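Colleague: Please take me through the metal site in this model, one step at a time. What holds the metals, and where do the ligating residues sit in the fold?

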Amino acid sequence: VRDALGEAGCDALLVTKLVNIRYLTGFTGSAAMLLVSSDAMMLITDGRYRDQAAEQLRAAGVDAEVAIGLTAEQQYKMLDEAAAKARLGLEAHHVTWAQQRAMVDRWLPSTAELVATEGIVEALRLVKDDGEVARIEAAATIATDALTSLLPMLFERPTENDFGLELDTEIRRLGAEGNSFETIIAAGPNGAKPHHRAAGSDRRIEEGDLVVIDYGALVDGYCSDMTRTFCIGEPSATQRRMLEVVTAAQAAGVATVAAGAETKAVDGACRSLIGDAGWADAFSHGTGHGVGLEIHEDPRVSWSTTATLAAGHVVTVEPGVYLPEHGGVRIEDTVVVTQDGCRPLTHAPKDPDPQRWRSAPTT
Ligand code: ZN
Ligand code: ZN
């Protein structure tokens, strides 16, 4: 962050996005501001986090002063004193118009200037180190194990809600902190809605359904993300073709991932195969996204992106085909980019038959 300050035109950065504060300090509380200047760092939080902040920063080996302010007035007074005469960078995507105006008019009279910055910490978060990759992979392993143990239940006509609830519970039971996002269980016609939610749905999973299951676990703040599509019973000819095309498109996309590859090319590899099958309009979303402390982060992978992949980026490849009369098929893996390709972090079979899943080869 300190290296980026000069180019951003500021002397210090005020980090207010909590996940960025966590990334830089290990602090996981729900309220804090972090001031990073060229020679000092100060975490300002409230009384609830006095002990937790000190413990977490010490555990992360972070050399920062922890300042406790019981009210907003106290907190901004400390900040104003610490940032006096500085050109202070704000995270423009995470400061509201009202907050910025209050800082200018009221809270920060001593700063020289407030500077809008974009993505300084996010740029650092793009490349994951080995410890981050290990956490994502651990989350993915828990997620796969949880689904594997519940597959027999798919044949018991559960509702989408009940299957999702069991899956979420099993993920917690196996040691994750929770879900990385709200579980998607989308059976039959619901599968044609890419982000159909399981919660509250009384649709039963029936013979002949395609079932899209898109879910993930959270381990030490890091997310996993995987989608598998099952067919309950024998797929129809169209369903079989959908499964084949999306499986091939997903493999083609993964095969394109490597350091130096453009995200647009990964999307194109998936999209051209689906287009060749005549379903271009039925692939209605981008191909993937970065995964880390947030479930959706940079780099985005779609036809409209201009990013180039680098070793250590973690991205998903998740093409899909959605046809209301037949259901939906989406297959998604999360991979870490390497110099000459990528390594999958989600290790699970892609066989659409739940009964063959356990013995099928993994990615
Ligand atoms: Zn997903
Ligand atoms: Zn995803």
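Modeller: Start with the zinc ion (ligand 1). Its donors are two OD atoms of D214, an OD atom of D225 and an OE atom of E332. They lie at 2.0 to 2.7 Å. Keep in mind that this is a predicted model.

Now look at the angles. Around the zinc ion (ligand 1), the 4 donor atoms subtend 53 to 153 degrees, so the arrangement is irregular. A tetrahedral label would need all angles between 85 and 135 degrees. For four tetrahedral donors the ideal angle is 109.5 degrees.

Next, place the donors along the chain. For the zinc ion (ligand 1) the spacing reads D-x10-D-x106-E. D214 is in strand β9 (residues 210-215), while D225 is in the loop between β11 (222-223) and β12 (226-231), so this pair ties together parts that are 11 residues apart in sequence. D214 and D225 are both buried.

Then move to the neighbour. The zinc ion (ligand 1) and the zinc ion (ligand 2) are 3.0 Å apart. D225 coordinates both.

The zinc ion (ligand 2) has donors from D225 (OD), H289 (NE2), E318 (OE) and E332 (OE), at 2.1 Å. E332 therefore appears here and in the list for the zinc ion (ligand 1), with an irregular arrangement around that ion. The angles at the zinc ion (ligand 2) run from 78 to 152 degrees, which makes this arrangement irregular too.

Follow the chain again. The donors of the zinc ion (ligand 2) are spaced as D-x63-H-x28-E-x13-E. H289 lies in strand β13 (residues 288-290), and E332 in the loop between β17 (327-330) and β18 (333-338), so these two tie together parts that are 43 residues apart in sequence.

How covered are they? H289 has a relative accessible area of 6% and is buried, because the cut-off is under 20%. E332 is at 0%, so E332 is buried as well.

Finally, step back to the whole chain. The chain has 11 helices and 19 strands. Of its 363 residues, 52% are buried. Among contacts with a separation of 6 or more, 65% join residues 24 or more positions apart. The radius of gyration is 23 Å, which agrees with the value near 21 Å for a compact globule of 363 residues. The C-alpha atoms fill a box of roughly 70 × 40 × 35 Å along the principal axes. About 15900 Å² of the chain is exposed, and carbon and sulfur atoms supply 50% of that area.

Conventions: Residues numbered from 1 in each chain as written. Chains lettered and ligands numbered in written order. Predicted model: local features only at pLDDT ≥ 70, side-chain atom pairs only at ≥ 80, totals over all residues. Heavy atoms only, no water. Donors = N, O, S within 2.8 Å, 3.2 Å for Na, K, Ca; no water. Tetrahedral: all angles 85-135°; square planar, octahedral: opposite > 155°, others 65-115°. Helix = DSSP H or I, 4+ residues; strand = E, 2+ residues; numbered from the N terminus. Buried < 20%, exposed > 50% of the residue type's maximum accessible area, 1.4 Å probe, protein only. Rg over C-alpha atoms; globule rule 2.2 N^0.38 Å. Contact = heavy atoms within 4.5 Å. Areas by Shrake-Rupley, 256 points an atom, 1.4 Å probe, with all protein chains shown as cover.
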